[in-house]
Amino acid sequence: METKSHKQLHIFFFPYMVQGHFIPLINIARLFASRGVKSTLIATPLNAPLFSKAIQSSKKLGIDVDILVIKFPTEEVGLPQGCENANLVTTLEMNEKFIKATLLLQPQIEQILDKHRPHCLVADTFFPWATDVAAKFGIPRIIFHGMGFFALCASRSVALYEPHAKLSSDSEVFTIPNFPVEIKLTRSQMPNVPKQSAEITNLIKEARESGEKSYGSIVNSFYELEPAFADHYRTVFGRKAWHIGPVSSVNKAADDEASLDRHECLNWLSSKKPNSVVYICFGSMTNFIDSQLQEIAAGLEASGQEFIWVVKREKNDKEEWLPEGFEERMEGKGLIIRGWAPQVPILEHQAIGAFVTHCGWNSILEGASAGVPMITWPVSAEQFYNEKLVTVVLKTGVAVGAKQWGTFLDVMTEASVKREAIEKAVNQVMVSEEAEGMRGRARVLREMAKRAVEEGGSSFTDLTSLIQELGSLGA
Ligand code: UDP
């Protein structure tokens, strides 16, 4: 067993195995390291290489983050070899096995904590057992939820009061009780228990309970983005929380320098006028059915706007998800990226005028920090709450009109948003009378986000308090 050094704080970071969770947690580890904290990320063999680029680029600035690799028990639960990332999960059955595999990680984490005795474990919300494991060694566990304060408060209120339980239909509107603003939702936009397996429902429940017992939460957000909800979470729900974001800007200069293979789309964007291009991306997991992609293509074409559209498909000969001759007609006007796009640099490019987003929290925060107005198209998880933050509270975007919550697997069954709705929403944000107002408010958010992470800014200061507090616990 290593003895605790009180000179240098040592924190372990344990992200869930999917991009939307590990990208921000890698940045959080780098952020702590940049403030003199010894930071160690826990990764599984096939995810570790995905961490390396960011870690290497920080190293050039003298910021060191260690990676500790643990085994992911795919075989033990009957998952295909290599299935270590939740975005490789394609069926409910696989999802259940994936969750079982994450439960089996417990002994390895216990050994690591016993051996290294860090001052703190920052673990993803999807490892509810981590609080008790850390407690065995007297180590405080901090939760990383991967959500903002608005959604944290909304989901907590809904879990407590169940306002949607007694409605007569899925389309009946209800409001969130005991909430700082009036938010209208329908039951169809709520996580639907029969659709998700018992394992997932259980996991979410256990995550909530372990939240109660944990030391507090790290939130990738900045106070000025959602002040009423940051206050509500702390005072009404009595939760300890530190806002330290947006963390996508951590070590940005080093990352830019490190990416020698600048993506061609950034050069393409540089040939475009400011605010003239729509960026469409649905995160790392949402992979729509062909007919929905057809609707998107037709809606974009009809809008007449230039675009970059990220589609999670491989290039192959039969592209049935594209209307006949689409790419030829769109030559010079629209770019399709198949696979992974450099989202943050794209959003920060001055040519981007709007972001069609599935409302994953990272995407919302990255869009807001880049000052880009949004067209919101929530699909799953807490995304319907995030939509309301953008459209009702911040007023920096419009809703495309998604009505049905689904699991990531459901999006392969129905084209629920039609081309006319897509065309209308895109033009509303790009060229309507309201567009300038949305753009102006989005620009204000960008400035606030920048200031929040600068020395003396709200996120910078909250991180300082957290580091000091953890330091004093070990004293
Ligand atoms: N992302 C990216 N390129 C892509 C798709 C996603 O860089 O082609 C990044 C995006 O910038 C964000 C994360 O992946 O940091 C996705 O997280 P989010 O919470 O938005 O959605 P999720 O993938 O969890 O549904």
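**The ligand shell and the setting of Asp462**

Helix H15 supplies the largest share of the shell around the ligand, with four residues. The model examined here is a predicted one. The ligand is surrounded by 17 residues, and those that come nearest are Gly20, Gly283, Gln343, Gly360 and Ser363. Two or more shell residues are given by each of helix H1 (19–34), helix H14 (343–348) and helix H15 (361–369). In terms of residue class, eight members of the shell are nonpolar, eight are polar and one is charged. Both domain 1 (10–250 + 453–474) and domain 2 (252–449) take part, and each contributes at least three residues to the shell around the ligand.

The N-terminal part of the chain also carries an annotation that is worth a look. The unreviewed UniProt entry assigns the feature "transmembrane region" to residues 12–33. In the model, this span is 68% helix and 14% strand, and the C-alpha atoms at its two ends are 11 Å apart.

Attention now turns to Asp462, a residue of helix H19 (residues 458–474). Asp462 counts as buried because 21 C-beta neighbours lie inside 10 Å, where 20 or more are required. Which residues does Asp462 touch, once those up to four places away in sequence are set aside? The contacts are Trp242, His243 and Ile244. For Trp242, the separation along the chain from Asp462 is 220 residues, yet the C-alpha atoms of the two are separated by 5.8 Å.

Methods:
Residues are numbered from 1 along each chain as its sequence is written. This is a predicted model: local features need pLDDT of at least 70, side-chain atom pairs count only at pLDDT 80 or more; totals for chains, interfaces and linings use all residues. A residue is near a molecule or strand if its C-beta atom, placed from the backbone, lies within 6 Å of it. Ala, Val, Leu, Ile, Met, Phe, Trp, Tyr, Cys and Pro count as nonpolar, Asp, Glu, Lys and Arg as charged, and the others, Gly among them, as polar. Domain bounds come from an automatic or database domain assignment. A residue is buried if 20 or more other C-beta atoms lie within 10 Å of its own, exposed if 12 or fewer, and partly exposed in between; C-beta atoms are placed from the backbone. Two residues are in contact if their C-beta atoms, placed from the backbone, lie within 7 Å. UniProt positions are given in the numbering used here, feature names are shortened, and annotations may be inferred rather than shown by experiment.
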